[in-house]
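Subject: Handover of a structure and notes on it

Dear colleague,

I am passing on the structure below, together with my notes on it. Please read the notes with the coordinates open beside you.

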Amino acid sequence: MASLLKELGYPQGTDQQTVHWVVSHPEIEIFVAGDPQDRPVGMVSFSHRPQLRLRGRVGTIDELVVTETWRRRGVGRALIRQILERCKVLSAKQLQLVSPMTTTPETRNFYTACGFSEIDSGVFRHVDTESQR
């Protein structure tokens with residue numbers, strides 16, 4: 001995960017203590033995509049929590065990264081589909097994606113193609129979850 005986070009633009013990556021804290025938290029989930037040799041090529045970190053004004057759960061994609069050599073092969077879309085399935089299971093009222101300020105036009109286009117609309121600089125909401133409110 002540390003190498004994927006570095007590729008996402010976080011040179012410090014992460015540490016073992018934080019990984020343990022995140023994976024043991026009941027409202028945070030991490031999904032990792034692997035290549036045929038089981039090496040990580042992508043990951044998505046997803047948190048969910050109850051929210052009063054929505055009268056239900058809101059989900060947030062906190063980190064989404066696919067290693068450069070595996071981009072444009074469906075890995076990112078598969079990770080997002082996994083999160084959308086989790087949102088259905090959790091009956092989430094909304095799914096947000098918070099993107100780093102360095103988001104490229106290509107990344108923005110990818111989010112839009114996956115059903116997200118930008119509501120603020122770097123904050124996206126998935127269109128399908130908006131209609132469930």
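What follows is an account of the strands, some individual residues, the cysteines and the largest pocket.

Please keep in mind throughout that this is a predicted model, and that the values quoted here were computed from it.

I begin with strand 2, to which several of the other findings connect. Strand 2 covers residues 40-51, and because 9 of its 12 residues are buried, it is largely enclosed by the rest of the structure. On one side of the pairing, strand 1 (residues 28-34) runs antiparallel to strand 2 and is joined to it by 7 bridges; within this pair, Val-32 stands opposite Met-43 of strand 2. Strand 2 also pairs with strand 3 (residues 56-66), again in the antiparallel sense, over 10 bridges, and here Gln-51 has Gly-56 in strand 3 as its bridge partner.

Both hairpins contain a residue whose backbone may deserve your attention. In the hairpin of strand 1 and strand 2, where 5 residues lie between the strands, Asp-38 takes a positive phi near 65 degrees. In the hairpin of strand 2 and strand 3, which has 4 residues between the strands, Arg-55 takes a positive phi near 55 degrees, a positive value in a residue other than glycine. Arg-55 belongs to the loop between strand 2 and strand 3, and it counts as exposed because its relative accessible area is 73%, where the cut-off is over 50%. A positive phi near 55 degrees is also found at Ser-91, likewise a residue other than glycine, and Ser-91 lies in the loop between helix 3 and strand 4 (92-98).

Two residues of strand 2 are worth describing in detail, namely Val-41 and His-48. Val-41 has a relative accessibility of 4% and therefore counts as buried, the limit being under 20%. Setting aside residues up to four places away in sequence, Val-41 touches Leu-4, Ala-33, Gly-34, Asp-35, Val-65, Val-66, Thr-67, Trp-70 and Val-75. The C-alpha atom of Val-41 is separated by 17 Å from that of Phe-110, a residue 69 places away along the chain.

His-48 is likewise buried, at 6% relative accessibility. Its side chain makes a polar contact of 3.0 Å with the side chain of Glu-29. Glu-29 also appears among the residues in contact with His-48 once neighbours within four places in sequence are left aside, a list that further holds Pro-26, Glu-27, Ile-28, Arg-57, Val-58, Gly-59 and Leu-90.

A further buried polar residue is Gln-94, which lies in strand 4 and has a relative accessible area of 0%. The side chain of Gln-94 is joined to that of Gln-96 by a polar contact of 2.7 Å, and to the side chain of Arg-125 by another of 3.2 Å.

As for the cysteines, how many disulfides does a search of the whole structure find? The search finds 0. The sulfur of Cys-87 has its closest cysteine sulfur in Cys-114, at 14 Å, and this is too far for a bond because a disulfide requires the two sulfur atoms to be within 2.5 Å. Cys-114 is accordingly in no disulfide, the nearest cysteine sulfur being that of Cys-87, 14 Å away. Cys-87 counts as buried at 3% relative accessibility, and Cys-114 is buried as well, with a relative accessible area of 13%.

Finally, the largest pocket holds about 670 Å³ of space. It is lined by 22 residues, of which Val-66, Arg-71, Glu-106, Thr-107 and Phe-110 are the closest to its centre. The elements that contribute two or more residues to this lining are helix 1 (2-8), strand 3, helix 3 (75-90) and helix 4 (105-113); the largest share, 4 residues, comes from helix 4. Val-66, named here among the residues closest to the pocket centre, is also one of the residues that Val-41 touches.

With best regards

Key:
Residues numbered from 1 in each chain as written. Predicted model: local features only at pLDDT ≥ 70, side-chain atom pairs only at ≥ 80, totals over all residues. Heavy atoms only, no water. Buried < 20%, exposed > 50% of the residue type's maximum accessible area, 1.4 Å probe, protein only. Polar contact = N/O pair within 3.5 Å; in protein donor to acceptor, adjacent residues only side chain to side chain. Contact = heavy atoms within 4.5 Å. Pairing = 2+ DSSP bridges. 1 Å grid on protein atoms, 1.4 Å probe; cavity = no way out; pocket = protein on both sides within 12 Å on 5 of 7 lines; lining within 4 Å. Points joined across faces, edges and corners; volume = space filled by probe spheres on them.
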